[in-house]
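Thanks for sharing this one. Here are a few friendly notes on its aromatic side chains, to read alongside the view below.

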Amino acid sequence: MKKMLITLIHLILLAFNLSFGQELISESGGKAGGMANAVVTIHDSWGIFNNMAGISAQKTISPIVELQDLYGINAFRTISAGLVSPLRAGALGFGIQKYGNSSLNKQKFSFGYAHELAGVSLGFRGNLIQHHIEGWGNKIIPTFDIGVITQLTEKFWLGAQLFNISQSKISKDQEEMFPSFITLGISYRPLDILILNIESQKNIDNNPYLKFGLEYQVVNSVFIRTGINSESWRNYFGVGLSMKKIRVDYGLNSHAVLGLSHNLSMEFLLKTNSKPSKQQ
Amino acid sequence: MNLIIAPCLLGICQSTKDLEAEDIIQNLASQQEDGNYDDIFSAMLDYYKNPINLNNTSREELSNLYILSELQINSFLHHLEKYGELINEYELQSIENFDLETINLILPFIEVKKSSFRDGNQSFLERIKTEDNHSLLFRYARVLQTKEGFKKEKPIEKRYLGSPDKLYLRYKISRPRDFSFGFTLEKDPGENLIYKNKGPEFLSFHAALFNKGNIKSLVIGDFRIQQGQSLLLGGGFQLGKGSETITTTKRSSLGILPYNSVIESGFFRGIASSIQVSSNLLVTTFYSGKRIDGNLSVVTTDSIMEANQEFQSIVDNGFHRTINEVNKKSNIFQQDFGGIATFKKDHLEIGFTGIYSQFDKHFSKPINNYNQFEFRGRNNYNFGFNFNYGWQNFYFFGESAISRSGGKGLVTGFVSSLSKEVEFSLLVRDYQKTFHSFYGSAFGENYININEIGIYLGLKIRPSKKWLFTAYADQFKFPWLKYQVDAPSNGNEFLFRISHKPKRAIKIFAQVRYEKKGRNLKENLTKTDIVVPTSKINYWVNVDYKVNDNISLKSRIQFSSYEQMVRETGYALIQDINFKWRKFKLGTRFAIFDAGYDNRQYVYEKDVLGSFSIPAYFGTGARNYYLLSVKATRKIDFWFKYAYSIFQNTKTIGNNLEQIEGKIKSELKFQIRYKI
């Protein structure tokens with residue numbers, strides 16, 4: 001009965017344009033969850049799951065963990081964990097994400113490298129994605145992503161992400177592709193404490209849509225965020241605490257019909273490296 | 001106005017203040033769609049005629065200009081605190097976060113006077129005698145074609161009783177923060193000048209005193225009250241959602257406002273006073289008793305006592321043109337009384353409001369599914385709480401209230417300047433389906449604050465002097481049915497506008513507005529109505545070009561699409577040419593439109609001073625107007641407007657009694673103002 005219910009909910013989600021393939025491809029981290037996933041221009045450790053170029057300015061060895069709760073349904077949870085470390089040149093990251101429950105789940109292993117060259121941050125990432133559906137079996141597919149971030153002018157930044165450029169297929173027989181998409185974003189940062197992002201995302205199979213995100217540093221260690229996307233007209237709100245050794249970010253979004261989703265993440269800042277950074 | 005010695009400040013000479021102010025008001029207005037903007041216009045005009053003294057003002061007053069950002073208001077108040085009173089307007093340039101653009105915009109509405117200067121040694125009577133802002137205004141308007149309702153051969157019950165003329169007369173003398181006296185007389189087309197030999201068709205009168213010792217204000221006659229976020233008392237002029245996405249989000253507690261508009265509903269008639277009990281506490285009390293129009297239930301037996309009489313609806317359009325409409329006039333007596341206590345300390349303001357309203361008859365609106373939670377009965381009361389709090393560059397506001405039914409309403413949010421370039425606003429509201437507020441007009445998608453939950457986000461970015469981006473996104477949910485929406489529904493709306501000013505004389509903007517809502521499927525044949533998503537997209541492109549001191553141009557393209565299963569489109573192309581020569585101003589318009597009713601195009605039209613119009617263009621046709629304004633003498637101004645529309649593919653215009661035979665509808669309007 002429970003399985004049937006979950007299958008049914010999946011079908012409903014499908015109807016709302018959130019297909020199976022959507023899982024594990026949307027952005028991660030409480031920051032993304034607070035600003036409508038408009039983070040393609042952001043440099044931080046969550047680049048290992050988002051725009052890979054984002055880790056290029058890494059200063060610390062950072063383990064990260066995250067819990068994403070979709071509409072309060074256990075079967076739709078995503079758990080993520082990763083480790084990002086600066087190298088002598090560039091930065092390296094590793095991440096693992098798990099979505100679903102025992103009857104349907106997916107796991108993703110990511111490994112990537114990012115480096116800044118002549119003002120352009122470039123990132124490359126390889127993933128292995130395992131699909132598991134009870135009674136159907138397992139399937140592992142490899143995918144490959146590229147990301148770029150660059151500062152255009154004093155106040156403007158540009159970011160781009162190509163997700164699954166290899167256009168991997170989920171199943172050879174059915175010609176079903178793993179989703180491929182492009183995200184392009186511009187970030188406007190009139191002050192150090194204010195970030196406004198506008199991004200357009202085009203999935204090969206769907207219509208393009210816009211994402212808008214805003215982050216404001218209220219006081220030294222507290223950030224507030226908001227955002228909205230034009231795909232489902234979800235409002236996003238978030239708050240972040242940044243302390244010396246730990247960062248906690250929480251994001252909340254509301255779908256008019258399906259309800260609330262939550263996103264909680266933590267980042268630990270272990271060892272600081274003296275390497276200069278783009279991030280304030 | 002003395003042209004020669006008027007000082008030129010920041011590129012704007014005093015002599016052109018007049019023009020600039022009108023332009024600014026019209027600009028603000030022309031960005032809006034639908035709704036009633038008479039009020040806004042006259043309020044802005046009031047500010048123009050009675051400028052705010054910057055040395056004696058408040059946050060509320062400043063924010064009500066809709067021009068300054070939170071950051072600028074803060075900087076201004078901070079400047080005043082730090083350096084004392086301003087010496088003159090030039091000093092504005094030295095205030096942090098003030099730029100020339102902003103200063104030019106507010107100049108027509110402000111003045112700088114030493115705070116002790118104003119009242120001087122003149123006695124009250126002398127001040128009245130010498131007041132400049134003292135005028136008599138008369139307006140006449142008429143549609144030249146004969147409407148169906150004016151045909152004398154029709155039986156009396158099927159035609160209008162009065163003449164097709166619209167008449168308006170207003171007398172007003174006022175001095176800001178001192179006194180205001182005035183009356184307004186009006187008759188709509190089709191109405192008789194005198195109503196049933198009992199007096200004028202519509203008369204509004206007020207006498208008001210301000211700042212006399214502890215008495216902050218005392219008004220006798222017609223008035224309105226603006227308190228908190230307008231959830232219970234929404235008297236001021238307020239802009240709703242529009243291209244101004246930040247400052248329109250919040251409302252200010254303006255207190256008692258004398259009323260001299262001609263909208264024949266929504267105001268109080270009686271007495272109101274505000275008393276400063278202590279330096280932190282202001283107490284306002286009011287009583288109002290007035291006759292309103294309503295549809296009485298048909299009484300079948302004589303035995304029903306007067307007290308048991310019922311009415312089915314309140315008619316608030318103010319028309320009394322036919323026997324049927326005249327019979328509905330003034331047959332309900334509504335009384336309201338209430339009080340407000342406002343505490344103010346530093347950046348915090350807290351207010352408590354209580355209102356009691358009573359009808360002399362029982363309001364028994366016929367029950368339908370959609371309106372079953374709306375107000376019924378003889379009396380209603382409301383209690384509410386509101387607050388404002390300024391913190392850094394944030395300004396928080398909110399109001400919550402409860403009505404007799406137990407229904408609650410809540411509206412809260414903030415506006416903020418995140419940086420010099422970026423302003424942001426957020427507003428959340430939840431008006432329950434059983435919440436009844438007779439005089440409320442808080443922020444919302446619905447016309448009245450009932451049955452609605454929503455989140456609004458507004459953004460305004462000025463990356464450089466030449467560019468301005470504004471946007472809002474609003475999501476709303478109607479937990480219960482609405483008129484012509486036979487299921488709980490939801491929707492969303494967004495607006496995005498880019499404004500560009502490459503030169504001082506050229507202003508360009510492009511705007512897109514999208515709205516999606518649930519509506520009953522049209523021409524549905526099944527027994528149950530089906531609610532389907534219905535969307536409307538509007539695109540506007542507008543160019544204003546001031547060729548030289550004598551000629552200015554305005555070009556506009558409006559295009560829209562309406563989609564409910566099928567997509568329909570409509571458009572309007574508009575070209576205005578405005579001339580100015582010495583004492584004469586001539587505004588002209590040439591417009592072509594082709595739009596169905598669902599795609600009707602709301603277009604702002606220039607009008608005689610104090611009047612205001614955003615008519616809807618629909619059908620297939622063209623429209624022209626010519627508006628001449630003449631400053632005849634120092635005391636006399638007059639205006640003359642001739643407008644006509646020609647429609648294609650039709651033999652009649654309008655419906656029922658308003659119907660005109662033929663393809664042409666033309667209107668004439670004349671106005672004269674005599675400064676006493």
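1. Let me begin with B:Tyr381, which has a relative accessible area of 33% and is therefore partly exposed. Please keep in mind that this is a predicted model.

2. B:Tyr381 also has a ring partner, B:Phe383: the two ring centres are 6.1 Å apart. Their planes meet at 55°, so this pair is tilted, given that edge-to-face would need an angle over 60 degrees.

3. Stepping back, aromatic pairs number 48 over all chains. Another one worth a look is formed by B:Phe268 and B:Phe286, with ring centres 4.8 Å apart and planes at 40°, so this pair is tilted. It links distant parts of the chain: B:Phe268 belongs to strand β11 (residues 268–276) of chain B and B:Phe286 to strand β12 (residues 281–296) of chain B, with the two residues 18 residues apart.

4. Are B:Phe268 and B:Phe286 buried or exposed? B:Phe268 has a relative accessibility of 2%, so it counts as buried. B:Phe286, at 5%, counts as buried too, since the cut-off is under 20%.

5. Do look at the aromatic cluster that includes residues from chains A and B. A:Tyr216 joins B:Trp391, B:Phe394, B:Phe396, B:Phe414 and B:Phe424 in it.

6. Finally, two arginines are placed over rings. B:Arg139 lies over the face of B:Tyr168, 4.3 Å from the ring centre. B:Arg556 has its charged end over the ring of B:Trp540, at 4.4 Å from the centre of that ring.

Definitions and conventions:
Residues numbered from 1 in each chain as written. Chains lettered and ligands numbered in written order. Predicted model: local features only at pLDDT ≥ 70, side-chain atom pairs only at ≥ 80, totals over all residues. Heavy atoms only, no water. Phe/Tyr/Trp six-rings, centres within 6.5 Å; stacked < 30°, edge-to-face > 60°. Helix = DSSP H or I, 4+ residues; strand = E, 2+ residues; numbered from the N terminus. Buried < 20%, exposed > 50% of the residue type's maximum accessible area, 1.4 Å probe, protein only. Lys NZ or Arg CZ within 6 Å of the ring centre and 35° of its normal.
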